[in-house]
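Q: I have a model open and want to learn how to read it. Where do we begin?

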Amino acid sequence: MPHEIRVPEAKDESLIKIRPYESRDFTEYVHTLERTTEWGNKAEQELRARMEKMTSEEEIWVAETDNRPVGFMILSPNQDGTLEIDWLDVNPDFQRRGIATILVRKAERIAKTKKYRALSVRTYIENTNMITFLRRNGFEVFERIRNFYGERKDALLFKKLVV
Ligand SMILES: CC(C)(COP(=O)(O)OP(=O)(O)OC[C@H]1O[C@@H](n2cnc3c(N)ncnc32)[C@H](O)[C@@H]1OP(=O)(O)O)[C@@H](O)C(=O)NCCC(=O)NCCS
C-alpha cells in the first residue's frame, strides 16, 4: 500500500505559521536570499552585515511551512513615521502561495498595535513582481527615489495606510 502523501493546498493559510526569527533560521534565510537577490554567494555576508546593524526597534519575522522557514521580512521604523517592510523575500519554491501576503498582514497588525499610521516599502523600479504584489495588497506609489540602488537605479516608495 502506498503511503498517503498530504500535499499542502495552495494558499491554505493554516499550514503557514508566522513567528519571530530565531538563530536556527539563518541558513534557510541565506539560501532564500541566494535565490531572490543578485548577491549569490555573498548573501551570507550581506545578511550578517544587515543583522549587525539591526536596532532594538527592528524585528525579523519568518513564515514557516512544515517546520521549514520559507519567507522572511524585516520590520524597521522609518524616519517618516511609517513602519517599513524591508527585505521581503520568499523562497522561490514556495512563491505564489500567499506567503508574502500573510507576512504583510502580520506587518499591518504589528503596525496597528504600535500605532503607526502607515506601512512603507521601497523596491527597485524594475521589480515588476514586487510591484504587482504590492498593488495587489493595497499599496500605492508615494514617491520615486532617484539613484536609490546606485546610478540610474531608482526605487519606488510605496505606502499603505494602517486602518
Ligand atoms: C515579491 C514576493 C515577495 C511575493 O511573494 P509571494 O509569497 O509569492 O506572494 P503572494 O503569493 O502572497 O502573492 C500575492 C499576489 O501578488 C501578485 N504576485 C506575486 N508574485 C508575483 C509574480 N511573480 N508575478 C506577478 N504577480 C505576482 C499576484 O497577484 C499574487 O496573487 P496570485 O498568486 O493569486 O496571482 C516574491 O516574489 C519574492 O520573494 N521575490 C523576490 C524578492 C524580492 O524581490 N523582494 C522584494 C524586495 S523589495
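A: Begin with the inventory. This is a predicted model. Its chain has four helices and seven strands.

Q: In what pattern do these elements follow along the sequence?
A: The pattern is β-α-α-β-β-β-α-β-α-β-β.

Q: How does the radius of gyration compare with the globule rule?
A: The chain comes out at 16 Å, and the rule gives 15 Å for 163 residues. The two values are close, so the chain is as compact as a globular protein of that length. For the extents, take the principal axes: the C-alpha trace spans about 60 × 40 × 30 Å.

Q: What share of the residues counts as buried?
A: Of the 163 residues, 27% do. Contacts add another view. Take those with a separation of 6 or more: 55% of them join residues 24 or more positions apart.

Q: Now the sheet. What holds strands together, and in which directions can they pair?
A: Strands of a sheet pair through backbone hydrogen bonds, and the pairing is either parallel or antiparallel. Here seven strands form an open sheet with mixed pairing. The order is S1-S2-S3-S4-S5-S7-S6.

Q: Which strands stand at the edges?
A: S1 (16–20) and S6 (140–145) do. Each has a single partner strand, so one side of each is left without a neighbour in the sheet. Check the twist too: from one strand to the next, it averages 30 degrees.

Q: Take one pair in detail. How many bridges join S2 to S3?
A: Seven bridges join them. S2 covers residues 59–65, S3 covers residues 68–77, and the two run antiparallel. One bridge to find on screen pairs Glu59 with Leu75 in S3.

Q: Where does helix H1 lie?
A: H1 (residues 26–36) lies across S3 and S4 (83–90). Its angle to S3 is about 80 degrees.

Q: Next, the ligand. How many residues surround the ligand, and which are the closest?
A: There are 18 residues around the ligand. Gln95, Ala100, Thr101, Asn129 and Phe133 are the closest.

Q: Which elements give two or more residues to that shell?
A: They are S4, H3 (99–113) and H4 (128–136). H4 supplies the largest share, with five residues.

Q: How does the shell divide by residue class?
A: Sort the residues into three classes. Six are nonpolar, eight are polar and four are charged.

Notes: Residues are numbered from 1 along each chain as its sequence is written. This is a predicted model: local features need pLDDT of at least 70, side-chain atom pairs count only at pLDDT 80 or more; totals for chains, interfaces and linings use all residues. Two strands pair if DSSP finds at least two bridges between them. Axes are lines fitted to C-alpha atoms, for helices over the stretch in contact, and angles run from 0 to 180 degrees between N-to-C directions. Two residues are in contact if their C-beta atoms, placed from the backbone, lie within 7 Å. A residue is near a molecule or strand if its C-beta atom, placed from the backbone, lies within 6 Å of it. Ala, Val, Leu, Ile, Met, Phe, Trp, Tyr, Cys and Pro count as nonpolar, Asp, Glu, Lys and Arg as charged, and the others, Gly among them, as polar. The radius of gyration is taken over C-alpha atoms; the globule rule is 2.2 Å times the number of residues to the power 0.38. A residue is buried if 20 or more other C-beta atoms lie within 10 Å of its own, exposed if 12 or fewer, and partly exposed in between; C-beta atoms are placed from the backbone.
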